[in-house]
Amino acid sequence: MGLAKWFHESFPVDQEALIKITAEPIPNHLKRWWWALGGTPLYLFTVQIITGIMLIFYYVPEPARAYESVYYITHHASFGWLIRSIHRWSSNLMIAALLLHMLRVFFTATFRKPREMNWMFGVVLFLLTIIFGFTGYSLVYEQMSYWAMKVGTGIAGATPLIGGWIADFMRGGSEIGQNTLTRFYLFHVVLLPVLMMVTISLHIYLIRAHGVSELKFRGDEHSEKKTFPLFPDHVYTELIMVTILMITLVTLSLLFPVQLGEPANPNVTPLHIKPEWYFYPVFRWLKISNLTIGVLGPILFILILFFWPFIDRFLERKLPGKEPAFWIGIAGMLTLNGFLLWEIFGH
Amino acid sequence: MIRQKQNKQLKIYDMATSLNTKRIIIGILSLVFLVVLLIALWKEVQHAMPGYKPAPIVDAGTKHCISCHAEKGAGKVIVEQWKTSKHAEVGVGCLECHAANKTDVDAYLHEGALIATVVTPYDCRKCHEKETMEFVNSHHADAGMIMGSLDNVLAEVVEGDVNFNSGANPAAASGCWQCHGSRVQLLTDDQGNIRKYDNGIPKLDPKTWPNTGIGRINLDGSKGSCSACHNRHAFSVKQARQPENCGKCHMGPDHPQLEIYQESKHGVNFYAHKDLMNLGAQPWVVGLDYIAAPTCATCHISATPDMPVTHEVGSRISWTLRPKVSEKIDVQEMAKYKAQGKELPPGFLTWEMRRANMQNVCYQCHTKNYVAGFYTQYDNEVFLYNEKFGKPALKLMKLLLENQMITPAEFDEQIEWTYYYLWHHEGRRARMGASMMGPDYTQWHGNYEVADRFYMEFIPDLVEIIREARAHGRTQGAQTVESELNTLLNSDMHKWFLGKMDPEELKKRKEAAAKFRDRYSESK
């Protein structure tokens, strides 16, 4: 008892406030737990932080030793292969979960006023996650990493006006080398995590400030607003998700442990350069267009995505009742999947 | 006003499509997306499986060739082999290699495409410029220039007959040329016109084709055959890096490099740990991609962390162990430039540079002192063979010829066969054994047999020729050769043969022999 008393005195906590925060009422539709995809990327991000820290114990960000250190992690360090595999699979699932979450938000139009800014934070989080993937993949310093850096920085360099500066900034010079690896490492383990955490905090703050959008299904239209508390009800739902995700991650890692390709060799261009799957649509787009259009296309896509709440409002005013956003969304998703498939099966 | 503004806000439940419909659409789109992801995962996993090969890229031209050739007989196997190749992976099909120019004498129109049967380094060069240029400047590419060599005399005169079966030259065609390379020719009629099959395909002279000898002289003027090492049509690097690949030619009594390698620790390690050799890796850098053992390719061709792969196989060799008397590999070339009063061209590799290249490979596994010690042992073995047997035997053979004690014809006298065995077989084995760490080849198949051949056959042959010459009144020649022989046998290295061993040395040897007998309880 003495110890508990001492702790409460030394670290006073407003019990009332705590209960108030954790018992925030959540709209009833969130009981359908497949609507709880927003928490999934957050959980996966936590997995990334923990496994990432473990990988940093052995990783050496030097061109001459980076591959060797990843090789050591994969083949010698105790459970290194598992940690690396979970880190890799978690990054993949995080992007997939983000896309599904965005899909849900898009089609239920929950980005509309007053939640425009939170959508924008969401788009920023999506971009940060993609950059996380690119920088993380490059750190392995295998052939595909090196050539992904080469191609990636080359594409960035093709951006009109500021391309040269961006490419030089990414590479830390005109060539891929120590500076590039140092910068990518810095982005991956310091800058991006900090930016990510700040943006996630803002995203969650805004969710709390606005409250969760209330979705009413057929038959619910005139019913009373039903809610349930965040803690413990919704937290339990999230815990079920976490358990399923953990099982999925470990199963994937056991069945398909992450491989290690050939070490980076600037003198040998690999026969097939393939990025990670989430870059497939962009990669295919680049293949079918010239470099400038190839670069401007994704930039335009991101800008549209970022300002979508305003574009949506504009379209709804111009075409009331026709739901242009709905059809644009379906067309967009089908195009995205089409490009993915095209790149999977195309040469 | 406020109310109006609020009405303008678009609420989710204002929308025409009901939320339930949206839920179904979201579900379907999510499922489609997840299925696509699963396909991507399935593909990724497939790519990561050992032995995975991407589907071949078959362009229209290749598709047309395959439509007939894959249906039946040998073509089917060839196509299947091609499908396993890197070529197939990147879309290098039939016409990319077999397409011919109008000026090629062996070109023929086949199913609308101008093609040639024989693919030459000029064809490979279209994509593999660096490799081809290194190869055509190498000793390998010159292997077809064996006309005039003793080996050539053997095959075309001694073993065979140039006129046999209309010049079929079987000993050379099936023997020498299969390694050294033939001069590929087309069959012609009496008017010099190229003979053709009914389908218009020019007839290649079966004396000279099929042939994948490494120094083949091709109809387009190019030298060499890439398929000597890179077997068509799979072109597998794994196969090219196998010691047995080199062993097609580098084996046997006169140059048993494969057997020496198998005897050496290098070979022993290779066969014990072949599964760790990562033979299919690209690039294949010793110390990075594999550490278990070196193969022929490791030392002579492949990359180290700070030295690129080369197809100039001589660029790491400092001695030539082929001739009667070994010399440093650059001696002949240097002499050529000197005689012409020319400066050495840029990039000329001296023997020291070549040795440094080889040592770069050695250093990947051995210390500098170890490598220096090895080279001292190796050099000493070559010096020993040269000084004790190579140079004296060559000098005596020249004296025999100069004094007309043997005929100018090769191989018509016993001593010429004896001498040929001495340097071409046993002398090479001793030197090559030392060069590749094969102790048994250095000693029992090498030095021992050299000594046996020299003392028990070469000298008796010489003594008999001297006696014969005297008997036939050619005393001056007999005197000259005998004098040289006596000088040689009374020299420090040979006087033991005359029972003139240094008494001190003789005493030491007797004491050592007595101790040896005691140790092994042998009776005298």
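Trainee: In this predicted model, how do H6(A) and H7(A) lie to each other?

Mentor: Helix H6 (residues 116–139) of chain A and helix H7 (residues 143–157) of chain A pack with their axes 7 Å apart, at an angle of about 135°. Angles from 115 to 145 degrees are neither roughly perpendicular nor roughly antiparallel. The two helices, H6(A) and H7(A), are therefore oblique.

Trainee: How many residues of the contact of H6(A) with H7(A) are nonpolar, polar and charged?

Mentor: H6(A) contributes A:Phe134, A:Tyr137 and A:Ser138, while H7(A) contributes A:Ser145, A:Ala148, A:Met149 and A:Gly152. Gly counts as polar in this division. The contact of H6(A) with H7(A) thus holds four nonpolar, three polar and no charged residues.

Trainee: Is A:Trp308 buried or exposed?

Mentor: A:Trp308 belongs to helix H13 (residues 308–318) of chain A. A residue needs 20 or more other C-beta atoms within 10 Å to be buried. Because A:Trp308 has 23 C-beta neighbours inside 10 Å, its class is buried.

Trainee: How far apart in space are A:Trp308 and A:Phe111, C-alpha to C-alpha?

Mentor: Beyond residues up to four places away in sequence, A:Trp308 touches A:Phe111 and A:Trp119. A:Trp308 and A:Phe111 are 197 residues apart in sequence, yet their C-alpha to C-alpha separation in space is 8.6 Å.

Trainee: Within what arc do the buried residues of H3(B) fall, seen down its axis?

Mentor: In helix H3 (residues 60–69) of chain B, the buried residues are B:Thr62, B:Cys65 and B:Ile66. They line one face of the helix, because the arc within which they fall is 100°.

Technical notes. Residues are numbered from 1 along each chain as its sequence is written. Chains are lettered from A and ligands numbered from 1 in the order in which they are written. This is a predicted model: local features need pLDDT of at least 70, side-chain atom pairs count only at pLDDT 80 or more; totals for chains, interfaces and linings use all residues. Axes are lines fitted to C-alpha atoms, for helices over the stretch in contact, and angles run from 0 to 180 degrees between N-to-C directions. Helices (H or I, at least four residues) and strands (E, at least two) are DSSP runs, numbered from the N terminus. Angles under 35 degrees count as roughly parallel, over 145 as roughly antiparallel, 65 to 115 as roughly perpendicular and the rest as oblique. Two residues are in contact if their C-beta atoms, placed from the backbone, lie within 7 Å. A residue is buried if 20 or more other C-beta atoms lie within 10 Å of its own, exposed if 12 or fewer, and partly exposed in between; C-beta atoms are placed from the backbone. The arc is that of the directions from the helix axis to the C-beta atoms.
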